[in-house]
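The exercises below are to be worked through with the sequence and the model side by side. Each task is followed by a solution in steps.

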Amino acid sequence: MNFKVVIPARFASTRLPGKPLLDIGGRPMVLHVVERALESGADEVWVATDHQGIADVVRACGHQVCMTSSDHPSGTDRIAEVASQRGWGDDEIVVNVQGDEPLIEPSLIREVAQHLYDHPEAAISTASHAIHDSSDLFNPNIVKVVTDRDGHALYFSRAPIPWGRDAFAVAPENFPPGLPAYRHIGIYAYRTSFLKIYKQLQPAAIEQFEALEQLRALWHGYRIGVAVVEQAPVAGVDTEEDLQRVRRLLN
């Protein structure tokens with residue numbers, strides 16, 4: 001199986017401006033992400049950015065950069081531009097690895113690529129892991145996913161799904177044994193054929209209300225395969241507290 005990795009890396013960030021270039025263990029964050037992606041076995045790894053400073057740092061270390069528009073509303077749009085610039089064929093598998101995930105496991109990157117390769121009926125693949133605690137199930141910042149018997153996503157939501165009707169009517173704080181609840185992990189593999197038509201898909205109301213971009217694909221009838229992994233990945237860097245936590249782990 002061959003696959004490619006694209007790492008969207010924007011300089012602008014509301015919480016942490018210049019996030020991809022923040023120092024972690026003596027190196028910019030984006031370089032940690034590139035190295036993890038290379039360890040996944042991808043045949044190509046590209047950093048997609050609209051910022052010359054990020055591009056210069058990445059190229060200086062011998063890695064590949066694709067300069068992209070600053071007008072993209074999402075990372076998916078940025079990845080689609082890379083696929084177009086590079087002329088990748090329709091059957092290529094492209095994994096989106098966020099530029100603020102310096103501790104992402106290379107095995108997770110490869111697993112979502114493998115899942116898409118093994119499920120030719122799907123346009124996208126992603127990952128999940130089991131939820132065992134009611135506080136996670138009821139947390140709107142934790143996205144849940146429900147799948148069919150073949151592992152294709154039926155729905156993603158910030159709401160607690162599936163709902164344990166009888167158990168929660170008695171004690172909503174207790175997690176019902178056997179409830180098939182899964183937390184969505186925000187990593188995606190795409191077929192290039194899907195990336196080529198993505199911008200033509202109209203946003204869906206469910207996508208806008210839930211603030212979950214992947215619902216657009218589901219609403220338009222595209223299948224999303226969901227790989228189940230044993231453990232949750234280490235959280236990425238969104239805040240100054242996250243940055244200090246990752247620095248401690250890597251140091």
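**Exercise 1.** Determine how strands β8 and β9 run relative to each other, and which residue of β9 is the bridge partner of V146.

*Solution.* Strand β8 (residues 144-147) and strand β9 (residues 153-157) run antiparallel and are joined by 4 bridges, where two strands count as paired if DSSP finds at least two bridges between them. Within this pairing, V146 has Y155 of β9 as its bridge partner. Between the strands of this hairpin lie 5 residues, and G151 takes a positive phi near 85°.

The model is predicted, so local features need pLDDT of at least 70 and side-chain atom pairs count only at pLDDT 80 or more, whereas totals for chains, interfaces and linings use all residues. Residues are numbered from 1 along each chain as its sequence is written, and side-chain values use heavy atoms, with hydrogens and water left out.

**Exercise 2.** Establish whether T126 is buried or exposed, and describe the polar contacts of its side chain.

*Solution.* First, place the residue: T126 lies in strand β7. Next, consider its accessibility: T126 has a relative accessible area of 0% and is therefore buried, a term that means under 20% relative accessible area (1.4 Å probe, protein chains only). Finally, examine the polar contacts, which are pairs of N or O atoms within 3.5 Å, one within protein able to donate a hydrogen and the other to accept it, with residues adjacent in sequence counting only if both atoms are side-chain atoms. The side chains of T126 and H184 are joined by such a contact of 2.7 Å, and a polar atom of the T126 side chain lies 3.1 Å from the backbone oxygen of I185.

Key. Helix = DSSP H or I, 4+ residues; strand = E, 2+ residues; numbered from the N terminus. Buried < 20%, exposed > 50% of the residue type's maximum accessible area, 1.4 Å probe, protein only.
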